[in-house]
Amino acid sequence: MRKNFIIIFIAALALMVGCKDKQTTDTKKVASSAERNSLHENHLLGAIKSVSDTKYMVMPLEDGQDSLVCIATNHETYNQAGWLSGSYMTTAAGDTIFVTKITFDDKGHVTRSEQTDAKGEVKQYYVYQYDKNGFRTQELFYKGDTLVRKQVCENDAAGNVERITVTEGKEQYYLNHTNNPNGLPVLIEWFSPQGGNEAYMQSTIEYDEHGNVINRNMTLNKRNVEYYHAQYNTKGHLLKELYQRSLPQQLEEISTEYSKHDKNGNWTHQESTRNGHRYYVIERKIEYYH
């Protein structure tokens with residue numbers, strides 16, 4: 001099956017994170033998949049109210065120096081339960097590029113997330129459904145009025161994902177999750193209905209003592225295609241990330257360092273290199289609830 005495995009993996013994680021929405025922030029040392037909110041998944045610590053990330057592309061000059069060119073700023077807001085409640089992106093001049101609106105039901109579950117352009121026209125949106133336990137069971141993704149992808153989630157008794165069935169057009173495939181005792185997936189396997197009992201894609205995942213992903217390896221038809229590694233300090237503050245992707249003719253490698261953090265341990269400055277060349281810089285501003 002010809003799939004964009006990066007998009008598939010992100011979509012799978014998005015459904016996994018939301019399979020159980022909760023109105024209280026988890027107090028355990030390691031939160032399970034079902035217990036994690038948006039702050040957990042975005043590695044944000046403390047009572048976050050808003051986050052603004054301004055991205056600069058690094059443009060090399062003839063004299064060998066680098067020039068930083070502002071590309072855009074992404075603005076995110078979070079509710080007091082730790083869930084992303086909306087976002088918008090602006091240009092360097094402050095003009096709005098798109099807006100993401102998120103709708104919650106009276107129990108605090110996200111029921112709809114839609115992206116609109118600067119004129120307010122809906123370009124794409126997600127619709128979510130839940131069972132009586134508050135576990136997310138279905139995600140529908142639309143572009144315009146066209147249904148692009150349907151994901152149906154089967155959960156264990158605690159709300160952690162065990163299986164996802166994905167339908168895209170006439171194609172269907174399945175993701176089986178093997179979870180550790182903390183309720184976090186350590187193995188995700190992709191199966192095709194025509195492929196029998198052998199997974200065509202696999203992702204193995206390792207965590208640190210805080211439940212942060214530190215190693216993730218993905219194979220497609222038994223060939224290594226992606227590798228991710230993260231380094232945290234003893235307090236769980238993100239320091240470095242390494243991402244490698246095997247392309248047809250080369251290996252793409254993106255290395256990121258987080259050199260500045262605020263008093264809560266959230267990074268405020270990151271710099272990335274791509275295949276050994278300085279790539280982009282992100283400056284972050286964070287506002288907290290008091």
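User: Happy to be looking at this with you! Which residues have the most contacts inside the largest nonpolar core?

Analyst: Good place to start. This is a predicted model, and its largest nonpolar core has 27 residues. Strands β9 (161–168), β10 (171–179), β11 (185–191), β12 (201–207), β13 (213–220), β14 (223–232) and β18 each supply at least two residues of that core. Those with the most contacts inside the core are Tyr-173, Leu-175, Trp-190, Tyr-200, Met-201 and Leu-238.

User: Which residues does the second, separate core include?

Analyst: This second core is separate from the one above and has 6 residues. Among them are Leu-39, Leu-44, Ile-48 and Tyr-288.

User: Let's turn to the strands. Which strand pairs with β1 over 9 bridges, and what is the bridge partner of Met-57 there?

Analyst: Strand β1 covers residues 48–60, and its antiparallel pairing over 9 bridges is with strand β18, residues 277–288. Within β18, Met-57 has as its bridge partner Tyr-280.

User: And β2: over how many bridges does it pair with β1, and which residue of β2 stands opposite Tyr-56?

Analyst: Strand β2 takes in residues 66–78 and runs antiparallel to β1, with 11 bridges between the two. Opposite Tyr-56 in β2 stands Cys-70.

User: Speaking of cysteines, how many disulfides are found in the whole structure, and is Cys-153 buried or exposed?

Analyst: Cys-70 has 26% relative accessibility, so this cysteine counts as partly exposed. For Cys-153 the relative accessibility is 5%, under the 20% cut-off, so Cys-153 counts as buried. As for disulfides, the search of the whole structure finds 0.

User: Which residues make the nonpolar surface patch of about 240 Å²?

Analyst: One member, Ile-71, lies in strand β2. Ile-71 has 42% relative accessibility, so this residue counts as partly exposed. The patch of about 240 Å² is made by Met-59, Val-69 and Ile-71.

User: Next, the hairpins. Which residue in the turn between β4 and β5 has a positive phi?

Analyst: Strands β4 (residues 96–104) and β5 (residues 110–117) pair in the antiparallel sense over 7 bridges, and Val-99 stands opposite Thr-116 of β5. The two strands form a hairpin with 5 residues between them. The turn residue with a positive phi, about 90°, is Gly-108.

User: What about the hairpin of β5 and β6: which residue takes a positive phi there?

Analyst: Strand β5 also pairs antiparallel with β6 (residues 122–130), over 5 bridges, and Gln-115 has Gln-124 as its bridge partner in β6. This hairpin has 4 residues between the strands. Its residue with a positive phi, near 90°, is Gly-120.

User: Phi is also positive at His-43 and Asn-221. Where is each residue placed?

Analyst: Neither is a glycine: phi is near 55° for His-43 and near 50° for Asn-221. His-43 counts as partly exposed because its relative accessibility is 30%, whereas Asn-221 is exposed, with a relative accessible area of 57%. The place of His-43 is the loop between α2 (38–41) and β1; that of Asn-221 is the loop between β13 and β14.

User: Now for charges. With which residue does Asp-53 form a salt bridge, and how many residues apart are the two?

Analyst: The structure holds 11 salt bridges, and in this one the closest N and O atoms are 2.8 Å apart. Both Asp-53 and its partner Arg-284 are buried. The pair joins distant parts of the chain, with Asp-53 in strand β1 and Arg-284 in strand β18. So, to give you both items in one place: the partner is Arg-284, and the separation is 231 residues.

User: In the salt bridge between Arg-245 and Glu-252, which residue counts as buried?

Analyst: The side chains of Arg-245 and Glu-252 meet at 3.0 Å, N to O. Arg-245 has 22% relative accessibility, so this residue counts as partly exposed. The residue that counts as buried, at 5%, is Glu-252.

User: Last one! Which residues are linked in a network of salt bridges?

Analyst: A separate example first: Glu-271 and Arg-278 form a salt bridge with closest N and O atoms 3.1 Å apart. Glu-271 counts as partly exposed at 30% relative accessibility, and Arg-278 counts as partly exposed at 34%. The network you asked about links Asp-117, Glu-121 and Lys-123.

Key
Residues numbered from 1 in each chain as written. Predicted model: local features only at pLDDT ≥ 70, side-chain atom pairs only at ≥ 80, totals over all residues. Heavy atoms only, no water. Pairing = 2+ DSSP bridges. Patch = residues over 30% accessible without salt bridge, like charges linked within 9 Å, V, L, I, M, F, W, Y side chains within 5 Å. Areas by Shrake-Rupley, 256 points an atom, 1.4 Å probe, with all protein chains shown as cover. Salt bridge = Lys/Arg side-chain N within 4 Å of Asp/Glu carboxyl O. Buried < 20%, exposed > 50% of the residue type's maximum accessible area, 1.4 Å probe, protein only. Disulfide = S-S within 2.5 Å. Core = buried A, V, L, I, M, F, W, Y, C linked by side-chain atoms within 4.5 Å.
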